[in-house]
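Reader: I am new to reading structures. Can you take me through this one and show the reasoning behind the terms?

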Amino acid sequence: AELTRQARAEHHLWISGEPGSGRRSVALGLHLLAARRERPLWLCHRGDSSPLGALLASPDPAAQEQGRELLQQLLQRVRGGTLILDEGGAPSGAFQMLALAILQQRPAARVLLLTSEPVHPALAAALPGSLRVPPLRQRGEELGLLAADLWRDAPRPAPAPPEDSAEEAADGDREGEAETTTSQDPVTPALSVDAPALLREHQL
């Protein structure tokens with residue numbers, strides 16, 4: 001219900017949550033559920049956006065001008081759609097500079113800022129809405145689905161050769177060697193360990 005409500009909104013949004021909580025999945029879901037879903041969707045990673053942010057923050061006027069030109073090109077590409085800014089960790093100064101510069105341009109696109117740490121007050125004040133994504137350990141109902149997903153994508157061992165194959169006969173009896181087995185239950189084995197810590201590394 002909250003995701004649907006936020007998708008119908010048009011204001012810029014700050015999406016926070018610890019690493020692995022699914023912030024990017026939430027942002028993509030907001031775009032797909034919104035009326036603007038047929039419009040462009042642009043995702044800026046911190047690694048992609050920091051050079052542009054560095055240009056905007058540079059004391060060199062020529063670099064600043066280059067940064068402003070690149071920024072206008074970016075905003076034109078995503079016009080009418082959704083721009084996702086994913087810092088991927090603790091927000092850097094260059095990343096926050098880029099995000100603030102975009103918001104100050106009053107872009108004709110919805111900006112979704114994704115962070116795991118608090119941002120500068122000036123940047124937070126420029127974002128009318130906020131949404132906190134709870135960590136996986138507080139969303140037990142999703143762990144089984146994630147475990148099943150991991151199980152489906154996990155590599156499977158190669159099938160064993162026939163017992164009467166010539167190769168096995170030549171190698172002799174392999175009795176006593178450890179046999180690789182896999183459980184038929186995709187949920188219970190994963191949940192028997194520290195599932196939140198394990199699944200936190202899974203990219204949603």
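Author: Start with two helices in this predicted model. The axes of α4 (residues 61-77) and α5 (residues 93-104) come within 11 Å and cross at roughly 65°. The crossing of α4 past α5 is right-handed.

Reader: What makes the contact between α4 and α5?

Author: Leu71, Leu74 and Leu75 come from α4. Leu98, Ala101 and Ile102 come from α5. Contact here means heavy atoms within 4.5 Å.

Reader: How do the residues of that contact divide into nonpolar, polar and charged?

Author: The contact of α4 with α5 has 6 nonpolar residues, no polar and no charged. Leu, Ala and Ile count as nonpolar.

Reader: Why does Gln6 count as buried?

Author: Buried means under 20% relative accessible area. Gln6 has 4% relative accessibility, so Gln6 counts as buried. Gln6 lies in helix α1 (residues 2-8). Leaving aside residues up to four places away in sequence, Gln6 touches His11, Leu13, Leu30, Arg110 and Ser130.

Reader: Which residues of helix α3 are buried, and what do they pack against?

Author: In α3 (residues 46-57), the buried ones are Ser49, Ser50, Leu52, Gly53, Leu55 and Leu56. They pack against β2 (41-45), α4 and α5.

Reader: Where does pLDDT stay under 50?

Author: Over residues 174-204. The model has 37 contacts beyond four places in sequence for residues 174-204. Where pLDDT is low, predicted coordinates should not be read in detail. For the protein, the mean pLDDT is 74, and 66% of its residues reach 70 or more.

Key. Residues are numbered from 1 along each chain as its sequence is written. This is a predicted model: local features need pLDDT of at least 70, side-chain atom pairs count only at pLDDT 80 or more; totals for chains, interfaces and linings use all residues. Side-chain values use heavy atoms; hydrogens and water are left out. Axes are lines fitted to C-alpha atoms, for helices over the stretch in contact, and angles run from 0 to 180 degrees between N-to-C directions. Helices (H or I, at least four residues) and strands (E, at least two) are DSSP runs, numbered from the N terminus. A crossing is left-handed if the near helix is turned anticlockwise from the far one by less than a right angle, and right-handed if clockwise. Buried means under 20% relative accessible area, exposed over 50%, partly exposed in between (1.4 Å probe, protein chains only). pLDDT is the predictor's confidence in each residue, from 0 to 100.
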